[in-house]
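Student: Could we go through this model together? I would like to begin with strand pairing and then move to other topics.

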Amino acid sequence: MSEQHAPLAPSAAGRWGAQCAGSTALEAANPEAEKSQDAREGDASHWVGATTLRDLQQYKQARQFKIGMSDPAGTILDKEMLEGAEMFVDTVVEIIGSDALDTIHVEEKLTMHNLVHPVNEGTPDVWAISGGTHRAIPSAEIYLLDYKYGHRFVDAFENWQCIDYTAGVLERPELANIPWENIKVRIVIVQPRCYGRGDQVRHWETTAAKLRPYFDQLRNNAYLSMGPGAPTNVGAECRDCKGRHDCEALQRASESAMDTAGLAVPVRMSPTAQAVELRMIQRAQELLKARATGLEAQVMANVRAGVAAWRGRSRRPKSSCLVICTAWTCAKNRKPSHQRKPSNWGRPPA
Ligand code: SF4
């Protein structure tokens, strides 16, 4: 679900809340020009899942979606989108129970104004509360189910986005008089297209009381990030940061990473040293990749706008290189002959 309008979006909580408070300002200064095709496909599959769940809540049966239909944004549905949505819906029904589906909240907004920050709010795919003060010992369960359509592995354990959402559920009046020790939290990630690393459905069970240190960290970083001079800190989250092409910290880290990659490797290394070296190089690669993808998008935008010259790794012959070379010096050679400057221009007539 898109949360791009919230200054402190839960979908970026791993970045501003856990790694880099300074990313909020840099991302705000570099909004995305348009959604990627991957993001549109993810939205379409989410729409199928959410619509199916709402149908089940209201009518006890869901409408049929078919390949080739389109979502409200015009994205054509394909088999993967439908199968992914089906896995998400099945997981929700299995965990919540088909008779309790009317208790779930599908894409309903939560605000974390008290526990985190007044501009921290977002929309989980599905959340629910069971239990309450009517029990002999007041207690409750919170369910947070998040559907991920991408391929990159997303863990349920210490998932900052869902931790942030949990803060929002805890602000609900239904839970006001229940001690946090008595509130269980179940976070579920459904990721149908992530193969080869564990299950496609992942769970993390904890309690609200155990999440308190995480809320404190989110709160501290949220206030830091919305204030002046928030510090930046490079790490894995840089790869998705919209300000990565503009970030001095990442630029320095990339330069240092390039130096690291150039060091001579000792001839005899212990297995531990090899593992450490490998991790260092992998981290360096991640930082370089984040920096490279950020710069690539920026450079291409500049080239399209005609304000920079750059020849990438295109293997196309020069004659077909019309977009990349708009501002490249070879452009003059592609002009029709009647527009070319004669070689004797500037010479006085004989
Ligand atoms: S690129 Fe990395 S270090 Fe720079 S602002 Fe973004 S998250 Fe922070």
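Student: Which residue in E5 is the bridge partner of glycine 131?
Tutor: Alanine 140 is the partner of glycine 131. Please keep in mind that this is a predicted model.

Student: How many bridges are there between E4 and E5, and in what sense do they pair?
Tutor: There are seven bridges between E4 and strand E5, which spans residues 139-147, and the pairing is antiparallel.

Student: What joins E4 to E5?
Tutor: The connection is a hairpin of six residues.

Student: And with E1, how many bridges does E4 form?
Tutor: Strand E4, residues 126-132, is linked to strand E1, residues 105-106, by two bridges, again in the antiparallel sense. Histidine 105 has tryptophan 127 in E4 as its bridge partner.

Student: What is the strand order in the sheet?
Tutor: The order is E1-E4-E5-E6-E7, five strands in an open sheet with mixed pairing. At the edges are E1 and strand E7 (201-207), each of which pairs on one side only.

Student: Changing topic: at what angle do H3 and H4 cross?
Tutor: Helix H3 (residues 37-59) and helix H4 (residues 79-96) cross at roughly 40°, and their axes come within 8 Å. H3 is therefore oblique to H4, as angles under 35 degrees would count as roughly parallel and those from 65 to 115 as roughly perpendicular.

Student: Is that crossing left-handed or right-handed?
Tutor: The crossing of H3 and H4 is right-handed.

Student: Now the ligand. How many residues surround it, and which are the closest?
Tutor: The ligand is surrounded by 16 residues, and the closest are Cys20, Cys238, Cys241, Arg244 and Cys247.

Student: Which elements give two or more residues to that shell?
Tutor: Those elements are helix H2 (23-28) and helix H7 (248-261).

Student: What is the make-up of the shell by class?
Tutor: Eight of its residues are nonpolar, five are polar and three are charged.

Student: Where does the ligand lie with respect to the two domains?
Tutor: The ligand lies between domain 1 (10-225) and domain 2 (236-304), because both domains give residues to the shell around it.

Conventions:
Residues numbered from 1 in each chain as written. Predicted model: local features only at pLDDT ≥ 70, side-chain atom pairs only at ≥ 80, totals over all residues. Near = placed C-beta within 6 Å. Helix = DSSP H or I, 4+ residues; strand = E, 2+ residues; numbered from the N terminus. Nonpolar A, V, L, I, M, F, W, Y, C, P; charged D, E, K, R; others polar. Domains from an automatic or database assignment. Pairing = 2+ DSSP bridges. Axes fitted to C-alpha atoms, helices over the stretch in contact; angles between N-to-C directions. Parallel < 35°, antiparallel > 145°, perpendicular 65-115°, else oblique. Left-handed = near helix turned anticlockwise from the far one by under 90°.
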